[in-house]
Amino acid sequence: MFTLAEVASLSDIQPTYRILKPWWDVFMDYLAVVMLMVAIFAGTMQLTKDQVVCLPVLPSTVNSRVQPDTAGKADFTTVETTTDQEEVSMRTVSFAPTVTPNILLSRATSSQYQPTESDQELKKEQKDSSGRKTNLDFQQYVFINQMCYHLALPWYSKYFPYLVLIHTIILIVSSNFWFKYPKTCSKIEHFVSILGKCFESPWTTKALSETACEDSEENKQRLTGAQSLPKYVSTSSDEGSPSASTPMITKSGFKFSADKPMIEIPSVTILDKKDGEQAKALFEKVRKFRAHVEDSDLIYKLYVGQTVIKTVKFIFILCYTANFVNTISFEHICYPKVEHLIGYTQFECTHNMAYMLKKLLISYISLICVYGFICLYTLFWLFRIPLKEYSFEKVREESSFSDIPDVKNDFAFLLHMVDQYDQLYSKRFGVFLSEVSENKLRGISLNHEWTYEKLRQHVSRNAQDKQELHLFMLSGVPDAVFDLTDLDVLKLELIPEAKITAKISQMTNLQELHLYHCPAKVEQTAFSFLRDHLRCLHVKFTDVAEIPAWVYLLKTLRELYLIGNLNSENNKMIGLESLRELRHLKILHVKSNLTKIPPNITDVAPHLTKLVIHNDGTKLVVLNSLKKMTNVAELELQNCELERIPHAIFSLSNLQELDLKSNSIRTIEEIISFQHLKRLTCLKLWHNKIVSIPSSITHIKNLESLYLSNNKLETLPAAVFSLQKLRCLDVSYNSIAVIPVEIGLLQNLQHFHITGNKVDILPKQLFKCVKLRTLSLGQNCITSIPDKVSQLLQLTYLELKGNCLDRLPATLGQCQLLRKSGLVVEDHLFDTLPSEVKEVLNQDTGIPFANGI
């Protein structure tokens, strides 16, 4: 038999799970405990009290004969009606109903039986009865009671307590199975743990308190801010979907918002560093838990299944109990087949527990009916509303966290169950589903970590001698950044929630901003400042939709660098009349994978002076838009898989510099058309596959710089040396074996690079180019350097490393501007110079090094 403690343990659920037990589950648990007590009470009474008492039913002739005998009648009546003295009665009454009290008395006082005349009469009468005397009267009654308990008593009267116990255990198990099943238990335990931490987290109280303070101010600022911005600039500070008129933005996560100026709201609670770290960990746990639970509905199905099982169980119990309730009665007729032992065939039995069991059964039926009605209500609740969907609409209305997402499946069902306990849990839990809330927490932690002193240590000087600050992979932009008023360049990289506040107006020196994978949002005042002061902007993105919309409203912007995916599918997104507002834009740098020049770039074509397109190897096919860029002075088309010089370039009358680096150009016969470009001074055709230079290059009279390095040239035609204005010639890394003597005609040549070729002899005419400042002769087959190198009085850089030299000419000391830092040669060759030459070369003149590249 189970003890009460053992059975009760089946319903012993951890106290923390109580938040997932609605009132009906709690009520049914109490009903189950009461039914358990009924079963134990009834079972205990059955075990401690006699079960049935049976007496023989005499034949009618015997009964009639016995009736005149008052004493015998009295004894029989006593046996039938007095149950408390059952044992004494069974010992004093024999199976022969005609025995007199005198005979009974003589049996009790004498151990030996002495026959008399009256005894003989009694024997005669006893022969007429069917009783059999064995001197075991008590044992006979016990034997009959046991047999009739199993034969005459209905099964329901015998097993009623055990049935109640079994049913109750099944109901208890059914109620708590979803807490015990491994695949649901782990999720429930994790959910309850996270929910408790979210409820008690100091950040929850702080966030909700600040929200209440912000509501009134935010509504006012929205109304005032909306009046001072153009119609296509959103004034919403929420994370909702952008308006249809907002340029370039299709994702709510990167929406431009001209928010209200930052208002410092006093904190209701102080959030220390430890609490902040715990809150950040909770955000991550909630995010992972949602991803783990929201994709299935196992918990919901299991709860519905166990409720259906309890309902079916209730109907089953009610049906068979109503059928057998009348079988529990006080009187029963028994026909044991033991007449050969006792002489009687029929007995009348009384069930001593019938009355009590009937009362307990009525109580049990009442309890099970109440239990069943609660089960029916539970099913009604389960199917009345879609429990696999949960909306935080009320929380969004009451707070500023308008981005709290609706959840579904098991996540939604668990939140519905928590609502039955206390809706405050769900409200506090929703704080940790909001990105706005998480960003506020990150902002507090960020400002605590990145102080003004720490940021000042990260400020450096760049190549342009400007003060630069580079912030990488932070959760936001620290407020102390805007206190660096002398900053010239600000770089923000991989900061997804960057927000530029009104305090940026303090940074009066700021003219250059870098946004690398950082769709920054700006407040209204900050936008006004950037619009008037920002001159250079670098934007690096993965998708064009990540470009902040306010970028296209910076009317004073001079330089714009776009680095990211601008393939043919997204080209149309760059338009929408966005670039037309950039009236002062002079330099546009696009590094992408274009197949054609986007038509909307021509919107700013009349203003552009420099256009740079760097492809990632995608072939640039359509270039007709270039014809509209009449004011472009510098054009770079790099890594665009061009096979010839595009004809559209010949229409750019103001072109001064052309760079076609890293393409697949094999022939440049079209170079004759460059004669129409009167202003062209720099031509870069490096890193291509050019095998020869046409003689028509002589028509580019104004050419000053020619870059043909990293091609497949084998010779240099004399036509190249007819370009009298040429100041820089780079033919490095080709297969040139001879430097033509005509090189002496280039009297203005200042930079000559022929590194990485097959030159073995240097012509003396080379040293007639007395204006040479840079001379790169490395990685060739040169065996000697003529002494006439001393004629290059302006030489500051000389590369000789990687040749077949065995000594250096002593006349190097006559190159007045050449120093050891500008002499690239092996150490052992430098040691061959005379000591006085070494001293001259080791002198420090302070002349800045420049190689002209």
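1. Two strands pair if DSSP finds at least two bridges between them. Keep that in mind for the sheet in this predicted model. The sheet is open and has three strands. Their order is 1-3-2, and the pairing is antiparallel.

2. Which strands stand at the edges? They are strand 1 (52-56) and strand 2 (331-334). Each has a single partner strand, so one side of each is left without a neighbour in the sheet. Neighbouring strands here are turned by 25 degrees against each other on average, direction ignored.

3. Now look at one pairing. Strand 3 covers residues 347-351 and pairs with strand 1 in the antiparallel sense. Five bridges join the two. For Pro56, the bridge partner in strand 3 is Phe347.

4. What packs on this sheet? Helix 8, residues 137-151, does. Helix 8 touches strand 1, strand 2 and strand 3. Its direction makes about 115 degrees with that of strand 1.

5. Next, the nonpolar cores. The largest one has 133 residues. Phe674 and Phe752 have the most contacts inside it. Helix 21 (residues 524-533) gives this core its largest share, four residues.

6. Take Phe752 as a case to inspect. Leave aside its neighbours within four places in sequence. Phe752 is then in contact with Leu729, Val731, Ile739, Ile743, Leu766, Leu772, Thr774, Leu775 and Ser776.

7. A second core is separate from the largest one and has 80 residues. Leu36, Ile188, Leu302 and Tyr425 are among them.

Notes
Residues are numbered from 1 along each chain as its sequence is written. This is a predicted model: local features need pLDDT of at least 70, side-chain atom pairs count only at pLDDT 80 or more; totals for chains, interfaces and linings use all residues. Side-chain values use heavy atoms; hydrogens and water are left out. Axes are lines fitted to C-alpha atoms, for helices over the stretch in contact, and angles run from 0 to 180 degrees between N-to-C directions. Contact means heavy atoms within 4.5 Å. A nonpolar core is a set of buried Ala, Val, Leu, Ile, Met, Phe, Trp, Tyr and Cys residues joined through side-chain atoms within 4.5 Å. Buried means under 20% relative accessible area, exposed over 50%, partly exposed in between (1.4 Å probe, protein chains only).
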